[in-house]
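Here's a quick briefing for anyone opening this structure for the first time. Have a look at it, then read on.

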Amino acid sequence: MAKAFEELQIKDDFMFSVIMRDPKFCKPFLERVLGVKISRIEYPRPQETIDLSAEAKSVRLDIYVEDGGENVYNIEMQAATNRSLPRRTRYYQGMIDLNILEKGKDYKDLKKSFVIFVCAFDLFGEGRHIYTFENRCIQNLELGLGDDTAKIILNTKGTMDDVTPELKRLLDFIDGKAPEDEFTRELDEAVQSARKNEKWRLDYMTLQMHYQEKYEQGVEQGIEQGNRQSALRMIEAGKLSLEEIALYSGLTLEQVSELEKEFQPA
């Protein structure tokens, strides 16, 4: 069951996307993760920041920003365990490159890109707070490919002493702990404020209704498919009339008749 809007935390995908739409929060977030100073960030197209459609995950990036220089950043929140996440980073990387090339740029103009997943679980089980991946030569790990891509998996459940205190406090806050510094207190206040925003409440409710409709459609399709399979087995057995098969399978007589025609050898 979906959470009530008033219960959303920053680790919930919708709330995270809403908060990170504001450069006031997105910029210091990136600075803590990457350990660098960023002069400014910009959102090239609003619809790439958050798309409130039921298909958002398949066609849009949650947070997509540029820094006005040679870098682009995609940030995604992942609260539930998902073992396919490494392949998703590959997919999102391709989306970023395609987005740049579709603007008429040459591949030589591709910017350095960072795909960042914030996970409320340890995907690799090593206890690290941060896992950073770049393409390197297997025969010589000191030799980088130089394709200017990086994939970063953050783990709010980390146990190692492997990140700065600032990033550790940020990850702890995302994991549900109380804010411990000025930035996390600001994030907490932003979450409290967002919960009172009626437009975002409506957007969230609309999104949940879309998800529910998609779920119900899937259930109905699954039931119908199961009924079709049952009817096909009864047709194959050849012991029941079409009327009886319709009665037992839950299909209409017309549907059973069509299945029988499909079953007959050409």
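Start with Leu30: setting aside residues up to four places away in sequence, it touches Gly35, Ile38, Ile41, Val65, Tyr73, Ile75 and Ile116. Leu30 is also among the residues with the most contacts inside the largest nonpolar core, which has 42 residues. Keep in mind that this is a predicted model.

**The cores**

- Besides Leu30, the best-connected residues of the 42-residue core are Ile19, Met20, Cys26, Phe29, Leu154 and Leu187.
- There's a second core, separate from that one, with 14 residues. Val72, Leu85, Met95 and Tyr131 are among its members.

**Around Leu30: Ile41 and Glu31**

- Ile41, one of the residues that Leu30 touches, sits in the loop between H2 and helix H3 (56-59).
- Along the chain, Ile41 and Leu30 are 11 residues apart, and their C-alpha atoms are separated by 9.8 Å.
- Is Ile41 buried or exposed? Its relative accessibility is 10%, so Ile41 counts as buried, the cut-off being under 20%.
- Apart from neighbours within four places in sequence, Ile41 is in contact with Pro23, Cys26, Lys27, Leu30, Val65, Glu66 and Asp67.
- Glu31 belongs to helix H2, and with a relative accessibility of 12% it counts as buried too.
- Glu31 has its own contacts beyond four places in sequence: Val36, Lys37 and Ile38.

**How H2 meets H5**

- When two helices pack, you describe them by the angle between their axes and the distance between the axes.
- For helix H2 (residues 23-34) and helix H5 (residues 165-174), the angle is about 120° and the axes are 8 Å apart.
- Angles of 65 to 115 degrees count as roughly perpendicular and those over 145 as roughly antiparallel, so H2 and H5 are oblique to each other.
- The crossing of H2 past H5 is left-handed.
- On the H2 side, Phe29, Arg32 and Val33 make the contact; on the H5 side, you'll find Glu166, Leu167, Leu170 and Ile174.
- Sorted by class, that contact holds 5 nonpolar residues and 2 charged ones, with no polar residues.

**How H5 meets H6**

- H5 also packs with helix H6 (residues 182-194), at an angle of about 25° and with the axes 9 Å apart.
- Under 35 degrees counts as roughly parallel, so that label fits H5 and H6.
- H5 goes past H6 in a right-handed crossing.
- Arg169, Leu170 and Phe173 of H5 meet Phe183, Thr184, Leu187 and Asp188 of H6.
- Of the residues in this contact, 4 are nonpolar, 1 is polar and 2 are charged.

**A backbone oddity**

- Most residues other than glycine have a negative phi.
- Asp148 isn't a glycine, yet its phi is positive, at about 60°.
- You'll find Asp148 in the loop between strand E4 (130-133) and strand E5 (149-155).
- With 41% relative accessibility, Asp148 counts as partly exposed.

**The big picture**

- How many helices and strands does the protein have? There are 9 helices and 5 strands.
- Reading along the sequence, you get the pattern α-α-α-β-β-α-β-β-β-α-α-α-α-α.
- The protein has 266 residues, and 39% of them are buried.
- Among contacts with a separation of 6 or more, 61% are between residues 24 or more positions apart.

Definitions and conventions:
Residues numbered from 1 in each chain as written. Predicted model: local features only at pLDDT ≥ 70, side-chain atom pairs only at ≥ 80, totals over all residues. Heavy atoms only, no water. Axes fitted to C-alpha atoms, helices over the stretch in contact; angles between N-to-C directions. Helix = DSSP H or I, 4+ residues; strand = E, 2+ residues; numbered from the N terminus. Left-handed = near helix turned anticlockwise from the far one by under 90°. Contact = heavy atoms within 4.5 Å. Nonpolar A, V, L, I, M, F, W, Y, C, P; charged D, E, K, R; others polar. Core = buried A, V, L, I, M, F, W, Y, C linked by side-chain atoms within 4.5 Å. Buried < 20%, exposed > 50% of the residue type's maximum accessible area, 1.4 Å probe, protein only.
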